[in-house]
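Got your viewer open? Here is a walk through the model, one selection after another.

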Amino acid sequence: MTKAVLLAGTNSGVGKTTVSMGIMAALRKRQMEVQPFKVGPDYIDPTYHTAICGKPSRNLDTFMMQVEGARKTFSKHSENADINIVEGVMGLFDGMGATETASSAHVAKSLDIPVILIVNVHGMSRSAAAIVKGFSEFDRDVKVAGVILNKVGSPRHAQMIIDSIPDIPVVGTLPRNKDVTVPSRHLGLYMANEMEFDTDSLATFIEENIDLDAIIALAETASDAEEYVEEEEKEADVRIGIAYDSAFCFYYQDMFDAFRSAGAEPVFFSPLKDELPEVDGFYFGGGYPELYISELEGSKTTKALKDLSAEGIPIYGECGGLQYLSTSYEIEGTVYKMADVLPAETVLTKKLQALGYTKGQANGSFIKGTIRGHEFHYSATYCDNDAKLIYEMERGKGIVDGKDGLTEHNALASYTHAHPASFPVESFVEKCREYKRS
C-alpha cells in the first residue's frame with residue numbers, strides 16, 4: 001500500500017520547504033521510514049530532505065521526465081517507505097506558462113496522491129477560506145485533502161479561520177517562528193552541508209502544531225504506485241570522475257544511478273582539494289565555483305584538465321561546470337584562470353541572466369537528440385568566433401543566440417542542467433569506453 005502526500009503552497013515563500021522538512025523530521029522521530037521527493041528541477045531542497053530522512057530525495061518533474069518518467073521514479077523509490085512526502089514547487093498550479101505541465105498539481109494528478117495546502121495567513125482571517133475554496137475547486141482532479149495554516153497570530157486567529165473552512169480539514173496551525181527559517185542566497189537556500197540546522201527543534205515545533213496522525217491518515221488515501229520492474233544493472237567497466245564538493249554540488253541522484261546502470265562507476269573527487277583521479281571520463285555539475293574561485297584557479301585539477309582534454313578524454317559540464325571549463329572567469333573586474341578546456345570566457349553578472357526550463361536538439365559526438373533541462377545563472381559566457389555549439393534551443397536562452405552546448409575535442413558543457421530522463425547517459429558512458437580502449 002502506497003502512503004503519500006504532496007505538500008503544496010499557494011505561492012512561493014509560504015514556508016513550504018520549512019514545513020516539509022519539519023514534517024519529515026517529525027515522522028522520522030517516530031521511527032518511520034520516510035522517502036522524500038521534490039517537485040521540479042531543484043538541487044538544494046533535496047539535500048535537506050536527504051539529511052533528515054537518511055535516503056536520497058528524488059526529483060519529480062513532468063517536463064524533464066515526462067509523466068511516465070515521474071511515475072517510474074515514484075514507483076521505484078516509494079515501495080519500501082512507510083510514508084512518502086513530496087514537497088511541491090512554487091504555487092500548487094504554477095507550471096510552464098499557462099499550462100499545468102511541471103506544476104505540483106500535475107505531479108499530484110499524475111501520481112494520484114492527495115495534496116495538503118499550506119497557506120500563509122498573516123494579515124487575513126476569513127479570506128483564507130476563500131483562498132482554500134478557490135484552490136480546492138480550480139481543478140477537481142487535484143485532491144486538496146488538508147490545509148496547514150502558517151504564520152498564525154494567535155489561537156483565536158487560528159480558530160476563526162478553521163471555523164471558516166468547513167469542508168477541508170485543517171491539520172496544522174503554525175505560529176510565527178523566526179528560529180525555524182533557512183537563509184538563502186543568489187541561487188536559493190544554502191546547501192544542507194553548509195548549515196547547522198536544528199532538526200530536533202523543528203520536529204518538536206511541528207509535533208506541537210501539526211496533527212501528524214491526520215497527515216498519515218490522508219497519506220493512506222493515495223492510490224497505489226505502479227509496480228516497478230527492476231532493471232538489470234551492467235557490470236561496471238569504466239570509471240567516471242564526478243566533481244563533488246562545495247564548488248560543484250548540483251546533481252540529481254538519478255544521474256548517478258543512471259551511470260551505474262550503464263556500467264560506469266562514479267568516482268567522486270574534489271577539484272578544490274584533490275588531484276585528478278584515474279578515470280575514463282569526467283562530469284562537472286553546477287554549483288558555486290564563484291565562491292571558491294581563488295582555490296579553483298590554483299588547484300591541481302584545474303591545471304591538469306586541459307592536457308587530458310586534448311588527449312580526448314570525455315568531459316561533460318553543466319552551468320558551473322561550463323564556467324570552470326572556460327578559459328577564464330571574471331568576477332568583479334578580476335580575471336581568474338580556469339581549466340581552459342573550452343574556447344570561451346565567462347563573466348559573473350549582477351543580474352539574473354536566465355531562469356526556466358530548456359529544450360534543445362543536440363548533434364554532437366556523444367550526445368544527440370532532444371535534451372530537456374533547466375537553466376539558472378548569474379553569468380554570461382562569451383565564446384571564441386570559431387567555437388562550436390551543438391544545441392539548437394527550442395526553449396531557453398542557452399549560451400548565445402539560441403544555442404547551447406559548447407564543445408571542443410570530446411568535452412562538452414552547457415548552461416542547460418540535464419536530467420537523465422533525456423540526457424543520453426549510455427552514449428556518454430560508451431564514449432568513455434572508447435577512450436579507455438584507445
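Before the opening stop, a working definition: a charge sits over a ring if NZ of Lys or CZ of Arg is within 6 Å of the ring centre and within 35 degrees of the ring normal. Keep in mind, too, that this is a predicted model.

**Stop 1: a charge and a ring**

Select Arg372 and Phe63 and show their side chains. The charged end of Arg372 sits over the ring of Phe63, with 4.9 Å to the ring centre.

**Stop 2: the aromatics**

Now colour Phe, Tyr and Trp. How many aromatic pairs does the structure hold? The count is 26. Pick out Tyr251 and Phe256: their ring centres are 5.4 Å apart and their planes meet at 40°, so this pair is tilted. Both partners are out of the solvent's way in the accessibility sense: Tyr251 is buried, and Phe256 is buried as well.

Move on to Phe282 and Phe284, another tilted pair, with 6.1 Å from centre to centre and 35° between the planes. Phe282 is buried at a relative accessible area of 0%, and Phe284 is buried with a value of 0% too.

Then widen the selection. Tyr244, Tyr251, Phe256, Phe259, Phe268, Tyr283, Tyr316, Phe366, Phe423 and Phe428 form one aromatic cluster. Stay on Phe268 for a moment. This cluster member belongs to strand 12, residues 264–269. Is Phe268 buried or partly exposed? Its relative accessible area is 39%, which lies between the 20% and 50% limits, so Phe268 counts as partly exposed. Add Gly241 to the view: Phe268 and Gly241 are 27 residues apart in sequence, while their C-alpha atoms are 5.8 Å apart in space.

**Stop 3: the second largest pocket**

Next, turn on a surface or a pocket display. The second largest pocket has a volume of about 660 Å³. Which elements give two or more residues to its lining? They are helix 3 (66–78), helix 9 (253–261) and helix 13 (425–437). In total, 25 residues line this pocket, and the ones to select for its middle are Lys72, Lys76, Glu231, Ala258 and Ser261, which lie nearest the centre. Colour the lining by residue class and you get eight nonpolar, five polar and twelve charged residues.

**Stop 4: down the axis of helix 7**

Select residues 199–209, which make up helix 7. Leu202, Ala203, Phe205, Ile206 and Asn209 are buried here. Rotate until you look straight down the axis: the buried residues of helix 7 fall within an arc of 160°, so they line one face of the helix. Now flip to the face turned away from that buried side, where you will find the exposed residues Asp200 and Glu208.

**Stop 5: two backbone oddities**

Some background for this stop: most residues other than glycine have a negative phi. Go to Ala102, in the loop between strand 4 (83–91) and helix 4 (104–111). Ala102 is not a glycine, yet its phi is positive, at about 75°. Its relative accessibility is 5%, so Ala102 counts as buried.

Follow helix 4 to the loop between it and strand 5 (115–120), and select Asp112 there. What is the phi of Asp112? The value is near 55°, again positive in a residue other than glycine. Asp112 is partly exposed, with a relative accessible area of 31%.

**Stop 6: a few distances to draw**

Finish with some C-alpha to C-alpha distances. Start at Arg58 in strand 3 (residues 58–60). Arg58 is a charged residue type, and it is buried, with a relative accessible area of 7%. Draw a line to Ala70: Arg58 and Ala70 are twelve residues apart in sequence and 9.7 Å apart in space.

Then take Val144, in strand 6 (residues 144–152). Val144 has 10% relative accessibility and counts as buried. Connect Val144 to Ser223, and you span 79 residues in sequence and 14 Å in space.

The last selection is Thr416, in the loop between strand 24 (411–414) and strand 25 (417–418). Thr416 is buried, with a relative accessible area of 1%. From Thr416 to Lys388 there are 28 residues in sequence and 16 Å in space.

Terms used: Residues are numbered from 1 along each chain as its sequence is written. This is a predicted model: local features need pLDDT of at least 70, side-chain atom pairs count only at pLDDT 80 or more; totals for chains, interfaces and linings use all residues. Side-chain values use heavy atoms; hydrogens and water are left out. On a 1 Å grid over the protein atoms alone, a cavity is a set of points where a 1.4 Å probe fits but cannot get out, and a pocket is an open set with protein on both sides within 12 Å along at least five of seven lines; lining residues have an atom within 4 Å of a point. Grid points are joined across faces, edges and corners, and a volume is the space filled by probe spheres set on the points. Helices (H or I, at least four residues) and strands (E, at least two) are DSSP runs, numbered from the N terminus. Rings of Phe, Tyr and Trp (its six-membered ring) pair if their centres lie within 6.5 Å; planes under 30 degrees apart count as stacked, over 60 as edge-to-face and the rest as tilted. Buried means under 20% relative accessible area, exposed over 50%, partly exposed in between (1.4 Å probe, protein chains only). The arc is that of the directions from the helix axis to the C-beta atoms.
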